Amino acid sequence: MSRRGFLQSLQFGLGATAATALLLEDKALLADEESGVPAEAADPGPHHLSRAKRVVHVVATGGFSQVDSFDYKPELSKFHGKTLVEGLGRDEQPDVFFGQVGRLRQSDFAFKQHGESGLWISDLFPHLATVADELTVVNSMFAETSNHTPATFQESTGFRLNGFPVFGSWVSYGLGAETQNLPSYVVFPDARSLPAGGSINWTNGFLPARHQGVIMRSQGTAIDDLDRPVGISDEQESATRNLLARLNRRLQNEQGDDDVLISRIKSYELAARMQRVVPEITDLGKESKETHAMYGLGDGETNYFGRACLLTRRLLENGVRFVQLFSGGAFQSPRVNWDGHEDNKKNHTREAGRVDQPLAALIKDLKQRGMLKDTVILFTSEFGRTPFTQSKAEEVGAGRDHNQNGFSVWMAGGAFKSGLAYGSTDPVGYAAVENPVHWNDLHATLLHALGIDHKRLTYYHNGIMRRLTNVGGEVVSDLLA
Amino acid sequence: MNKSDLRKIISLLIVSGTFFHAVVDPVVAGDQEFDSSVAAILVKRCTECHNGFDLKGGLDLLSKTAVEKGGDSGPTLEAGDLENSLLWQRIASDEMPPEHPIPQEEKAVLAKWISGGANWGTDPIDVFRYSSENRAGYDWWSLQPITRPDPPEYSRRISKQKWNVANNSIDNFILAKLDEHRLLPSPPAEKEILVRRLYLDVTGLPPSPHDLQNALVDDSTDAYERLVDRLLSSPTYGERWARHWLDVIRFGESQGFERDKLRKNSWRYRDWVIDALNQDMPYDEFTKLQLAGDEIARDDMYARIATGFLGAGEWDEVGFSQRSPVFKRVVRQDQLEDMTSAITQTFLGLTVNCARCHDHKFDPILQKEYYQITAALAGTFHGQDIFVDVSTPAELDDNRKKSAVYEYRQNLAKEIGLSDFEIKQLGESKERYGDFSQYSIKSQDPPETHVLLRGDPETRGELVQPAGIKSLKGVSAEFELPTDATDSRRRLALAEWIANKGNPLFARTMVNRLWHYHFGTGLVDTPNDLGFNGGQRSHPELLEWLADEFIQQEFSIKSMHRLILTSATYKQSSRSREDAKAVDAGNRLVWRRTPRRLESESLRDTLLAISGQLTSEMHGPGYFDFTTFNANSQFYEVFDPVGESFNRRSVYRTIVRSGRSPFMDTFDCPDPSTKSPNRSVTTTPLQALALMNNSFATRASTMLANRLVYEAGDSVEDQVVYLIRLAYSRNPTDEEMEDLVQVIGQVGLVPVCRAVLNSNELVLVR
């Protein structure tokens, strides 16, 4: 349906786009208490057969170095100590964030081929290396800016500016939730700090509020306001609820049946269910000791992220549509994310140490439960790092600056061709040269895996039908299984 | 062709540069039939790709000469010879347009044209000339001068109803349309319901039992009108309606982006909006001051405070301080887009920002015109505006006194042992008053503005001067500025073009917003877009009439409020009717009042008011509902602060972009980085959890219970009466009384208060 046709059809038809009341009023819903929340989009997914139903998005904040992780560059070792111009064989004046273009530095981590696929992974990620055959690496990403925040916005929303909905919100909007018992979009910030921009990183933008990411904690009260306030007894609680039901019923008798009345009543029933279900799901004590160990729970550096990953698996099992995990916090001193300007080796060793084992565990765990085939796992950063160091021109320094010209991301899940390294950068790992992939393209591909045509998932906002993929994006079919 | 024609054409080409749009006045007067049929088809189906700018296949179909020249595949057509015309071959075989073949009727028109000799009409074709299925042209309704249609007569069906029809033209229009759809209006709402509705709509606060009583016992014929007037004169009106304005103009009190530094001195603009609305400042003056207050009255502090509007959007600190000049230019263009979009969407309901990289795809706005508007802002940058020099001694003194009051309060707070956070907050407020400045704009010498091809600052096109948009009829788009006009002078010219009785969009956009806020949906349901992609008008003549009336009332916003609020349309009951729902479930025809949930701010204010906690403290630095610290970026940890300083109306909350309040957000408080002309209203289980379990809500239950005992006494019946009057603005029914008395007897007052605060009747306005 054309956009005008759609808008016209709303004139004297069944209520406005914003009436989420309709969601809860869906006849199918009333019939079956256990079913989820239907998608809110006017043209909801799935638009075609989908391979995936849910997403785990791991956001590595700060920009991780591709040449030290997934982009094997033997030439970079050869040119260690030389200039970028020499390494590229052409005149290139990089426009880096801090303006210091030093000499090329080889990777601080040894690369090996892994699994049957022979995927090249450095020993920065020894655990992920053991599941190499499940991974799909893209080595030819590029971004439009080397400035953290606009780059992060583009990574999440497709736009460089504030105010747009993030990937998770679009998925929640386009597919709905599989369950009423949990939010459709859950967020686990890093233990050390929120990412820069805070809630901007999981904002619903102009999409309705229910698509905003809901923060969960892996320790303590899982969701805000979940627990009954201290000091209220069972008797008081049930007296309140029963009285509430009566008050609402009396009003309904007087007013007649109105969506807005009915949906509110229903939302209290759902909230009560959530109060029961969430503590059960977030109780990690229900998992075995072996599972705890596999995910790295305990006293070590992997504890927090391990708990978050294990919780993620449980949330996915219980119908959460989108879980976002942050590897890394904001830009403070001392550094708590992947932004390795000063000493990249030390920085990345620390950051990878926190997430490598839990992520590998999550992949293995989902696989053995038969869930990997219809889950999308995504590991991204807003940009990569330079193969030359951030130092004086004649030096091989220890840090790397931002590099938006070429960087890597990886996916896992049945929708993708696993054990694949797609696209490539030039021999020293500076810029994407073969099959370059823009964020819009990656988003289009991910939505496609979820059964969504990125051009059909739209929302009217201030003059235009907005999409996650702005006005671009091509599905990269070579990535899809 | 003679020399004079040739000269005309050459000068035309020079003036229009490489862009395919010619001037509106054609070089050669046209053939009517060609213009309205053939040209319309070519524009609709072909010229998106085949124009002087895009030139797919090397083919431009917009001018006679271009068509004669043909494209990469050869000559376009053989006049008179259909079969051998390349254009026809492509179209007939459906090869062109790709994926969207031309329908038979249109093909027939083109065939007839080619066979008949392919005579050309207006040359070159102006793609904006006519609106089509794909885009709006110069004839688009919102670009035409405003008319004043006569209010239609009531039908006999309607006048037979015992409907309290007022002498109000709004009702004529509404009833006529209802009649068209064979619907009847709803009867007027009961008095108590109407009173509660009026209070909440106009002031955002429920009536106190005392106010309610006064309203109910007043039996005079003009009791309602006098209540309307009283509420419009209340300072609480400005506090409520300012919040609507702040939604639209993306008001945030932090920089956004990565650093999101706090803006401690943005609050004066917010107060200015509250005061301007309370004073019923004429809307044109309201507009001009926000765009160019610093030019209109350089030495008037309040005029300059108004320009806080321009600086209310985000500012990319890191972006502006990065080393690369190339990236910095992009960041500056992003900032110009923020200001341009805020200005044009707010005041004109036009998405001019969509013409940053190309001509607007849907409305007759040229890319050049986007840059003409940014040229008026070329010297406008975010900055601190220091008032010390321009404030009068009386103003300085007043400010000093207010600062001193906070110091006094802070000392008192320490003495009586208030929380550390509250003590700190009072100290903050003292300092923020003392800081006599505002985050708004700083003028610089305006540099040259060029059209940026494809929006890329590195590929500059023609030089442009500040000017408006030609397709708006009734007001000249020429600013006639001297080339050395200052930044503020340019903005004044922009303001005068916008805030003009002759500007077709200015009045229409605002009256539509007013309707939106009173009825929940605008006459155009996309208040920021009256262009092609905007919604269809539900009542075209009414919109015209209201816009004209607004101008006749010298842009007095309160006059329009009064007109709307005293209409019978407004007073209708909110009860559901199955017969009407079957025809118009969305209530676009306004056959009743749509029951609506309170917005975030009104809900919070209502909870505070009912529980006796709300302070009436107006103005001043906002309160923080967060702690904040800086670690390169500014971090905000939102929580529920306890203390009188935090029991102010929600409009006085300091709004930071990365520190969203889960409680407020769950009730659809918008992202302050978005322009939100139309808040969504969602219903979610998280809202239920918030109202049941959030500490703010439970505190309200407890305080409400205390209030009942304290003010109504120990009799449970009296407590129940008082509770229902406070919460629902009516008396309890016998059934309710029995029920509540019993529950109170079992579990006490607090659980009952908790239920009432969660109930539909409190949260919804009917």
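Where is the place of P97(B) in chain B? That is a good way into this predicted model, and the answer comes in the first point below.

1. P97(B) has its place in the loop between α4 (86-92) and α5 (104-115) of chain B. The peptide bond leading into this proline from M96(B) is cis, with omega near -15°. Please have a look at the backbone there if you plan to set up the chain yourself.

2. A second cis peptide bond in chain B joins D123(B) and P124(B), where omega is about -5°. P124(B) sits in the loop between α5 and α6 (156-160) of chain B. For context, most peptide bonds are trans, and most residues other than glycine have a negative phi.

3. On that last theme, R250(B) has a positive phi, near 55°, and is not a glycine. This arginine is found in the loop between α11 and α12 of chain B.

4. The α11-α12 loop of chain B also holds K264(B). K264(B) forms a salt bridge with E428(B), and the closest N and O atoms are 3.0 Å apart. E428(B) belongs to helix α19 (residues 420-434) of chain B, so the pair ties together parts that lie 164 residues apart in sequence. Over all chains, the count of salt bridges comes to 89.

5. Now to a helix pair. In chain B, the axes of α16 (residues 325-348) and α21 (residues 504-519) come within 7 Å and cross at roughly 75°. That angle makes α16(B) roughly perpendicular to α21(B). Q345(B), T346(B), F347(B) and L348(B) on the α16(B) side meet L505(B), F506(B), T509(B) and R513(B) on the α21(B) side. By class, the residues of this contact are four nonpolar, three polar and one charged.

6. Next, the interface. Chain A contributes 88 residues to the contact and chain B contributes 90. Between them the two chains bury about 7,600 Å², with 56% of it on carbon and sulfur atoms. Within chain B, the residues losing the most area to chain A are F257(B), T683(B) and N760(B), together 9% of what that side buries.

7. What kinds of pairs cross this interface? The rule finds nine salt bridges between chain B and chain A. One of them links E254(A) with R766(B), whose closest N and O atoms are 3.1 Å apart. There are also 29 residue pairs in polar contact across the interface, both residues at pLDDT 80 or more. Helix α28 (residues 685-693) of chain B gives the most to the chain B side, with eight residues. By class, that side has 34 nonpolar, 31 polar and 25 charged residues.

Definitions and conventions
Residues numbered from 1 in each chain as written. Chains lettered and ligands numbered in written order. Predicted model: local features only at pLDDT ≥ 70, side-chain atom pairs only at ≥ 80, totals over all residues. Heavy atoms only, no water. Contact = heavy atoms within 4.5 Å. Buried area = accessible area lost by both parts, 1.4 Å probe. Salt bridge = Lys/Arg side-chain N within 4 Å of Asp/Glu carboxyl O. Polar contact = N/O pair within 3.5 Å; in protein donor to acceptor, adjacent residues only side chain to side chain. Helix = DSSP H or I, 4+ residues; strand = E, 2+ residues; numbered from the N terminus. Nonpolar A, V, L, I, M, F, W, Y, C, P; charged D, E, K, R; others polar. Axes fitted to C-alpha atoms, helices over the stretch in contact; angles between N-to-C directions. Parallel < 35°, antiparallel > 145°, perpendicular 65-115°, else oblique.
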